[in-house]
Amino acid sequence: MAFDGVTIAGIVSELKRELTGGRLYKIAQPETDELLLTIKQPDRQRRLLLSANASLPLIYLTEGTKPSPMTAPSFCMLLRKHLQNGRITEISQPGLERIVHIKVEHLDEMGDLRSKTLVIEIMGKHSNIIFLDENDVIIDSIKRISAAVSSIREVLPGKQYFVPQTQEKLNALTADAQALQKALAARPQPVFKALYGSFTGISPILAQELCHEAGVDGERPTAALEEADYKALFDALSRMARAVLEERFSPNIAYVNRKPVEYCALPLTIYGFGNVPFRSPSKSPLYSGEPSLPAGDYTVSYDSMSALLEAYYAEKSSVTRIRQKSSDLRRIVSTALERNIKKYDLQLRQMKDTEKKDTFRVYGELLNTYGYEAAPGAKSLEALNYYTGETVTIPLDPSFSATENAKKYFEKYGKMKRTYEALSELTREVKSEIDHLETISASLEIAQQEEDLTQIKEELIESGYIRRKGGTKKQKITSRPFHYISSDGFHIYVGKNNYQNDELTFRLASGNDWWFHAKKLPGSHVIVKLDGADELPDRTFEEAARLAAYYSRGRDQEKVEIDYIQKKHIKKPGGARPGFVVYYTNYSMSIDSDISGIRPAED
């Protein structure tokens, strides 16, 4: 699932059609490494998302918007100064590099026509958005790279822009048959690896597709290739090159069991799946419950690369961003968990050391009973243990009398008993703390919006893990629980964190509503509202259980055991932590965590 050069070529082809001649109407920077450009054409308006995110760099047309910061960052202000109302004259890609050049004509302060270039480099952690003048001199970039960061290329104002040649790869659009054979023969590895390692812009999946079209086993070593194989591979490469040069793209995503596994700008025939056309650019079939997405294995075709990328990466981008924004909270929780787990393990070892306390008590009692039989200076005494009927050997300190030895055994017993009682309480407290932190950690894993993080942060503040800054008030909570509709029409609610779990269980749910939770695992409370019905259908029970499994730490297990019970049997002990409940009689079922067929409610 690589954002390769052929994917960039498909995007560039689309951008040329949609944006050339358009004027830059708005320039926004919703994230520190992301731009959202609004381009006006005579008959329409389009938005272009440019992201240099190290984890998920992207470029595509979108229908959506993003909130911008109250004060625009300096790079955004610079672009507005130079490019606002500028006209896009050219959009290009050098070879099959993962680079896009957008040339913009604008009027300077003197009213003279100038040309500037916005360069978007989609190169993983090295991704960047660079602003150039007419002479390809860097004006500024969204990420400044100094010599201390990169010895290959500085990206700083005043530096000459160039593309670093870090890899000796061939241009797949111009290479001839002899170059292909020479390149593959020089790489003693599987054919598909040699292909994407030799040619710019080709990803592993596209290399496997080329091998499939050529009738060559991609796992076959290059040393075993014959002349006919080289010819077939070159023919497949040439067909791909012609499709790119003639801009004949066929964006599609391959699904296995309704889950996306790969995408490509050209047809993916390697899987041998049937095709399901999907034409809507505004709604993604990747969201669970999409009725137009059938079960099974297939490819889904799209009208444009932008529609495909927005559909494929919308959720992934959101998850990536939220993980970045939650990194501090996750670090706090992880550190606290690690500290408490170490403390708990130490306490358990200390508890184990107190296991002999009752033995010492019995030794003391037996010495008080049979001590008269011990000879002076004896190192042990055999006595009948009247609790078990067995004979035991009691070690003695020969320098003390039997009575004095009994006293020492009682002292050891008393000390160990006090230690055991203190540790018993401490271990319960620490285990409770660990369980609480585990639930917060699970909540961070399913957080989707900043509002979700706000609620989790508030819980950490109230639990003493984060200090509230002086003068700051408790933040307004706008996060809402997940809401689904079962196949039988029942409303199902899923808590995103401990506060929401309490809210759902003890405020939203009525006495006869059903409550679900993964057994002995951190996870969400799931509530099914009866809304006047007498009973739930079996299918709704199963769907609610799947949601409880999916929104728990057992999500990746083949089966998860789920407890379910009517809300009226759920109790919350006084002083218990958020999300903690008790129940004593419940039903259970083991079920998978596949929620693809459960429809989210349109709140």
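## Cores and covered strands in a predicted model

Five bridges join strand S20 to strand S22 (residues 560-566), and the two run antiparallel. The model is predicted. Its largest nonpolar core holds 88 residues. Another core, of 27 residues, lies apart from it.

**Strand S20 and its partners**

- Strand S20 spans residues 514-518, and five of its five residues are buried.
- In a regular strand, side chains alternate between the two faces of the sheet.
- In S20, Trp514, Phe516 and Ala518 lie on one side, while Trp515 and His517 lie on the other. Both faces are covered, and all of these residues are buried.
- S20 also pairs with strand S21 (residues 526-528), in the antiparallel sense, over three bridges. Trp514 has Val528 of S21 as its bridge partner.
- Towards S22, Ala518 is bridged to Ile562. Trp515 has Ile565 as its partner in that strand.

**Strand S22 and strand S23**

- S22 is mostly covered, with six of its seven residues buried.
- S22 pairs with strand S23 (residues 587-591) through five bridges, again in the antiparallel sense.
- Val560 stands opposite Ile591 of S23.

**The largest nonpolar core**

- In soluble globular proteins, nonpolar side chains tend to be buried together.
- Within the 88-residue core, Leu48, Ile59, Leu233 and Met240 touch the most other members.
- Helix H6 (residues 227-245) gives the most to this core, namely nine residues.
- Which residues does Met240 touch, leaving out those up to four places away in sequence? They are Val6, Leu96, Ala172, Ile202, Leu206, Leu210 and Leu266.

**The other core**

- This core of 27 residues lies apart from the largest one.
- Among its members are Ile492, Phe516, Ala518 and Ala549.
- Phe516 and Ala518 are also on one side of S20.

**Helix H4**

- Why is helix H4 (residues 191-198) largely enclosed by the rest of the structure? Six of its eight residues are buried, so the surrounding structure largely encloses the helix.
- The buried residues are Val191, Phe192, Ala194, Leu195, Gly197 and Ser198.
- Several elements help to cover these buried residues, including strand S10 (170-171), helix H3 (177-185) and strand S11 (199-200).
- Helix H5 (204-214) and H6 are also included in that cover. H6 is the helix that gives the most to the largest core.

Definitions and conventions: Residues are numbered from 1 along each chain as its sequence is written. This is a predicted model: local features need pLDDT of at least 70, side-chain atom pairs count only at pLDDT 80 or more; totals for chains, interfaces and linings use all residues. Side-chain values use heavy atoms; hydrogens and water are left out. A nonpolar core is a set of buried Ala, Val, Leu, Ile, Met, Phe, Trp, Tyr and Cys residues joined through side-chain atoms within 4.5 Å. Buried means under 20% relative accessible area, exposed over 50%, partly exposed in between (1.4 Å probe, protein chains only). Helices (H or I, at least four residues) and strands (E, at least two) are DSSP runs, numbered from the N terminus. Contact means heavy atoms within 4.5 Å. Two strands pair if DSSP finds at least two bridges between them.
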